[in-house]
Amino acid sequence: MASCLVLLALSVPPVGLLLALAVLVRPRPVRIPLKGRHVLITGGSSGIGLALARSAAAEGARVSILARNAARLEEARDAIRRATGCDVSAFSADVRDADAVARAVEAAGTVDVLVCNHGVFVPQELEKQELEEVRFMVDVNLMGTFNLIKAALPAMKQRARDTGLPASIAIMSSQAGQVGVYGYTAYSASKFALRGLGEALQHEVIADNIHVSLIFPPDTETPGFAEEHKRRPELTNMIAGSSGEMKADDVARKALDGIKVGKFIVPCNFEGTMLSIATAGLSPQRSFLGALFEVLGASFMRFLGLCFQWNWFTTIEKWHAKKKRA
Ligand SMILES: NC(=O)C1=CN([C@@H]2O[C@H](COP(=O)(O)OP(=O)(O)OC[C@H]3O[C@@H](n4cnc5c(N)ncnc54)[C@H](OP(=O)(O)O)[C@@H]3O)[C@@H](O)[C@H]2O)C=CC1
Ligand SMILES: CCCCCCCCCCCCCCCC(=O)[C@@H](N)CO
């Protein structure tokens, strides 16, 4: 009897907290079906975008892909057809060109799930990087996403209103959009910016039943990553190595699963989950279990984050010492 009472007393605070969070979390849980719906994926001709297009097609979505290079788009269409038997529509446009994006989005037809996955990454210390390259990353990664959302949103709102079905805007960030990493000043800035865009946008479109997801992958094996790896500073490799590498198909799986439940922050691996708890900030959270981990994990995750920073700064210090000796 006494032990029962002790157990009850001990469990009241966590249970009470859980109940409070269940009442508190906003927006409310949602399910966003993919089957039979129109999913537009930018950067759908390569890497993570191609994997996303293949998985979405396999789940019965009507898929459109958008990228610049028409030949690579055709190859991707063929590959998706071979893998799934499904036909996808392909649109050639540069996301930096707002008019071209508007024309492509119009031709593709009303979107239910917009996946802004396009992205460029040229790692380099800021001191060595030309401003032109900085602008290139900000223009494609950030302004390109604005162009897309501006083009797709009016029709998406109308359709969500007409059908009563929830819609989604998913944005591909990166773990380098949750923590600044050596060699990624421009890239990290462009990816952090997407979070601000996403948080504010979620306030603006919640009344239209549109749900924003931000996806934060670690290093992922893709054609773009293979190119990046050739020129990545040694220190960038070392710090990025704190999180395990993933396959594009696995990132696509995590992303689609997150999109389908309207998850706002979508981590892709274990390190990503810790990073997301450590950087939860004031982001929306619709899962009371997720909220519980954030509330209870906050202080420990901050401590762990400081351990990671200690490790990174030590690595940087040693690297400089070695360079001086050489
Ligand atoms: N691979 C990784 O390690 C990680 C990647 N990410 C992010 O995931 C996303 C996809 O990366 P990944 O699959 O590796 O990249 P890839 O380089 O393999 O593919 C990039 C895709 O984006 C398209 N694209 C690039 N620039 C433009 C543009 N200006 N207009 C339209 N489309 C464009 C490319 O087509 P085309 O060139 O023909 O236009 C291609 O389809 C990016 O946002 C990236 O930042 C995040 C974390 C890790
Ligand atoms: C509190 C605990 C924290 C735990 C772990 C932290 C690990 C952070 C590693 C950052 C990795 C950044 C990879 C960027 C990949 C990318 O975007 C490029 N390949 C370009 O595409």
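Student: Let's start at the loops. Where is the place of proline 27?

Tutor: Keep in mind that we're looking at a predicted model. Helix α1 covers 2-24, and β1 is the strand on the other side of the loop in question. So by the DSSP runs, proline 27 goes in the loop between α1 and β1.

Student: And the peptide bond from arginine 26 to proline 27, is that cis or trans?

Tutor: Check the torsion first: omega is near -10 degrees for the bond that runs from arginine 26 to proline 27. The bond is cis.

Student: Asparagine 209 has a phi I'd like to pin down. What is it, about?

Tutor: Asparagine 209 lies in the loop that links α6 with β6 (210-216). It's not a glycine, yet its phi is positive. The value is about 65 degrees.

Student: Is asparagine 209 buried or exposed?

Tutor: The cut-off for burial is 20 or more other C-beta atoms within 10 Å. Asparagine 209 has 20 other C-beta atoms within 10 Å, so it counts as buried.

Student: How about serine 173, buried or exposed?

Tutor: Serine 173 is found in a loop too, the one between β5 (167-172) and α6 (185-205). Its contacts, leaving aside neighbours within four places in sequence, are Lys191, Leu194, Arg195, Leu214, Ile215 and Phe216. Because 26 C-beta neighbours fall inside 10 Å, serine 173 is buried.

Student: How far apart in space are serine 173 and leucine 73?

Tutor: Along the sequence, the two are 100 residues apart. From C-alpha to C-alpha, serine 173 and leucine 73 are separated by 22 Å.

Student: On to the strands. How many residues of β2 are buried?

Tutor: Take β2 (residues 62-67) one face at a time. One side carries Arg62, Ser64 and Leu66, the other carries Val63, Ile65 and Ala67, and they're all buried. That makes the count 6 of 6.

Student: Which residue of β2 stands opposite valine 39?

Tutor: Strand β1 (residues 38-42) runs parallel to β2, and 5 bridges join them. In β2, the residue opposite valine 39 is valine 63.

Student: β1 has another partner in β4. Which residue of β4 faces isoleucine 41?

Tutor: β1 and β4 pair in the parallel sense, with 3 bridges. Both faces of β4 (residues 113-116) are covered, with Val113 and Val115 on one side and Leu114 and Cys116 on the other. Opposite isoleucine 41 stands valine 115.

Student: Then what stands opposite valine 115 in β5?

Tutor: β4 and β5 run parallel as well, joined by 4 bridges. The residue of β5 opposite valine 115 is alanine 170.

Student: Which helix gives the largest share of the largest nonpolar core?

Tutor: That core holds 78 residues, and those with the most contacts inside it include Leu52, Val113 and Ala170. Ala53 is also on that list, and beyond its sequence neighbours within four places, alanine 53 touches Ile41, Gly44, Val63, Ile65, Ala76, Ile80 and Val88. The largest share of the core, 9 residues, comes from α5.

Student: Now the ligands. In the shell around ligand 1, how many residues are polar?

Tutor: The shell has 30 residues, the closest being Gly43, Gly47, Arg68, Gly119 and Gly224. Two or more residues each come from α2 (47-58), α5 (131-163) and α7. By class there are 10 nonpolar and 5 charged residues, while the polar ones number 15.

Student: And how many are nonpolar around ligand 2?

Tutor: Here 21 residues surround the ligand, and Phe121, Ser174, Ala176, Ala278 and Gly305 are the closest. Helices α7 (223-231), α10 (270-278) and α11 (288-325) each supply at least two of the shell residues. Set aside 5 polar and 3 charged residues, and the nonpolar count is 13.

Student: Zooming out, what radius of gyration does the protein have?

Tutor: The C-alpha atoms fill a box of roughly 70 × 65 × 35 Å along the principal axes. For 326 residues, a compact globule would come out near 20 Å, which agrees with the protein's own 21 Å.

Methods
Residues numbered from 1 in each chain as written. Chains lettered and ligands numbered in written order. Predicted model: local features only at pLDDT ≥ 70, side-chain atom pairs only at ≥ 80, totals over all residues. Rg over C-alpha atoms; globule rule 2.2 N^0.38 Å. Near = placed C-beta within 6 Å. Nonpolar A, V, L, I, M, F, W, Y, C, P; charged D, E, K, R; others polar. Core = buried A, V, L, I, M, F, W, Y, C linked by C-beta atoms within 7 Å. Buried ≥ 20, exposed ≤ 12 C-beta atoms within 10 Å, placed from the backbone. Contact = placed C-beta atoms within 7 Å. Pairing = 2+ DSSP bridges.
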